[in-house]
Structures are given as C-alpha cells and as structure tokens.
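Me: I'm new to this one and would like a close look at a single part. Could you walk me through it and its surroundings in plain words?

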Amino acid sequence: MDILLDEQVPELVLAPLRSLLSGHRIDHVQKIGWKGKQDVNLIPDMKRRGYAVLVTADVDQLEDHEECRAIKKAGTHHVRFDRSGSGTAMTASAVATVIAGLPLVIPRLDAEPAQRLVVLKLVRCKETQFTITDPEKDPPTQYWPGRRTVSRRRVPRSRDGA
C-alpha cells in the first residue's frame, strides 16, 4: 500500500515509518515536490500516482465541500490526526501520534474492501505525561541504596525451592 504524508505531518516520521511499515511505499509531499499544492488538486493527483492513503492533520478537509468531494471521488483512505501544544511539543505530539497509530491502522486498511476514514487518537506531549522524582527525598523502592528503613535480612533458599 502506498502512503502519502501531507504537509502538516513532520518529515521526522519518514524513517521510523519506513522501518515499521517496510512493505509499503511512504512518501512526503515535501520530498516529491508537492508542497503547497492545493488539496483539491493533491487528492486526485495522489490517486493517479497510486497512493492509497493520505495522512494529514488538516481537520478542515472533511468540512470543505470541494475537498470532501475530491476525497470521496478518489476513493483513497483518509487518515487524520489532531495536534496538541505548540512548538516542539506540537511536533512531538504529531510524531508520536503518527508513529504509534499508523502501524496499527495500515494492516486494517489493507484488509478493507472500500474507502475508510480514520482519526488517530492524539498522543499528548505535555507535563502530565511524566513525573520527576528526587530519590533522596522519595526513594522509588525499599531497596534504593541509602533508603532509611529497617533492613530485612535475606534468607537464602535451598536449591530445591524449600
């Protein structure tokens, strides 16, 4: 299956996706010289070039009458994802969402007999995604070196498990 990544998809995803989806051709509009091409022209052109899937963050495509008509007429699969944050966080969110979602979606689309519309669930890249701990104040386990607890002596087990 041939997959085309639209302008809003960071080019950073090309290498990981090509590795994860090695049996598929994956191109980016930037790399094939289609950057800036209007979607109403891009969609039929991608179909003529053999692409079966368009991956985009363009949330307005299905709200625009002409673009929606072009997508339906082409019969290609349409995979959309939302972005979250700004700057580096937005790029990280887009990369994470596409890399996590597309390898799961493409095998399903391969098996579909007709056009499908897909929305990838957003991977959010913000501070609620991680915790930072000072192990001197809050040791992670009772076995953390230097933790002030009553030490337990480990009783050796015999080889037969008794």
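What kind of unit do E4, helix H4 (residues 87–111) and E5 make?

Reply: E4, H4 and E5 form a left-handed β-α-β unit. For the handedness, look with the strands pointing away from you: a crossover is right-handed if the path from the first strand over the helix to the second runs clockwise. Helices (H or I, at least four residues) and strands (E, at least two) are DSSP runs, numbered from the N terminus.

Before going on, a word on what you're looking at. Residues are numbered from 1 along each chain as its sequence is written, and side-chain values use heavy atoms, with hydrogens and water left out. This is a predicted model, where local features need pLDDT of at least 70 and side-chain atom pairs count only at pLDDT 80 or more, while totals for chains, interfaces and linings use all residues.

Now the two strands of that unit. E4 and E5 run parallel and are joined by 4 bridges (strands pair if DSSP finds at least two bridges between them). His78 is the residue opposite Leu117 in E5. Follow E5 along and its side chains alternate: Val118 and Leu120 face one way and are buried, whereas Leu117 and Val119 face the other way and are not. Here buried means under 20% relative accessible area, exposed over 50%, and partly exposed in between, with a 1.4 Å probe and protein chains only.

Zoom out and you'll see where these strands sit. They belong to an open sheet of 5 strands, ordered E2-E1-E3-E4-E5, with parallel pairing. Strand E2 (25–28) and strand E5 (117–120) are at the edges with a single partner strand each, so one side of each has no neighbour in the sheet. On average, neighbouring strands here are turned by 20 degrees against each other, direction ignored. Such angles use axes that are lines fitted to C-alpha atoms, for helices over the stretch in contact, and run from 0 to 180 degrees between N-to-C directions.

On its other side, E4 pairs with E3, again parallel, over 4 bridges. His78 turns up here too, as the bridge partner of Leu54. E3, H3 and E4 make a right-handed β-α-β unit. Between helix H3 (65–74) and strand E4 (77–81) there's a loop that holds Gly75. Gly75 is partly exposed, at 34% relative accessible area.

E3 itself is covered on both faces: Val53 and Val55 on one side, and Leu54 and Thr56 on the other, are all buried. E3 also pairs with E1 in the parallel sense, over 3 bridges, with Ile3 opposite Val53.

Next comes helix H2, which packs on the sheet, touching E1 and E3, and whose direction makes about 145 degrees with that of E3. Its buried residues are Asp39, Leu42, Ile43, Asp45 and Met46. They pack against strand E1 (2–5), strand E3 (53–56) and H3. Asp39 is a curious one: it's buried yet has no salt bridge, and the nearest side chain of opposite charge, Lys37, is 10 Å away. For charge, Lys and Arg count as positive and Asp and Glu as negative, while His and the chain ends are not counted. A salt bridge needs a side-chain nitrogen of Lys or Arg within 4 Å of a carboxyl oxygen of Asp or Glu. Leaving aside neighbours within four places in sequence, Asp39 is in contact (heavy atoms within 4.5 Å) with residues including Asp6, Asp58 and Glu67.

Asp45, also in H2 and buried, does form a salt bridge with Lys37, with the closest N and O atoms 2.5 Å apart. Lys37 is partly exposed, with a relative accessible area of 25%.

Back in E4's part of the chain, Arg80 and Asp82 meet in a salt bridge (2.9 Å, N to O). Arg80 counts as buried at 16% relative accessibility, while Asp82 is partly exposed at 33%.

Finally, go across to E2. E1 and E2 run parallel and are joined by 4 bridges, with Asp2 opposite Arg25. These two also form a salt bridge, the closest N and O atoms being 3.1 Å apart. That pair links distant parts of the chain, with Arg25 and Asp2 being 23 residues apart. They're also part of a salt-bridge network that links Asp2, Arg18, Arg25 and Asp27.
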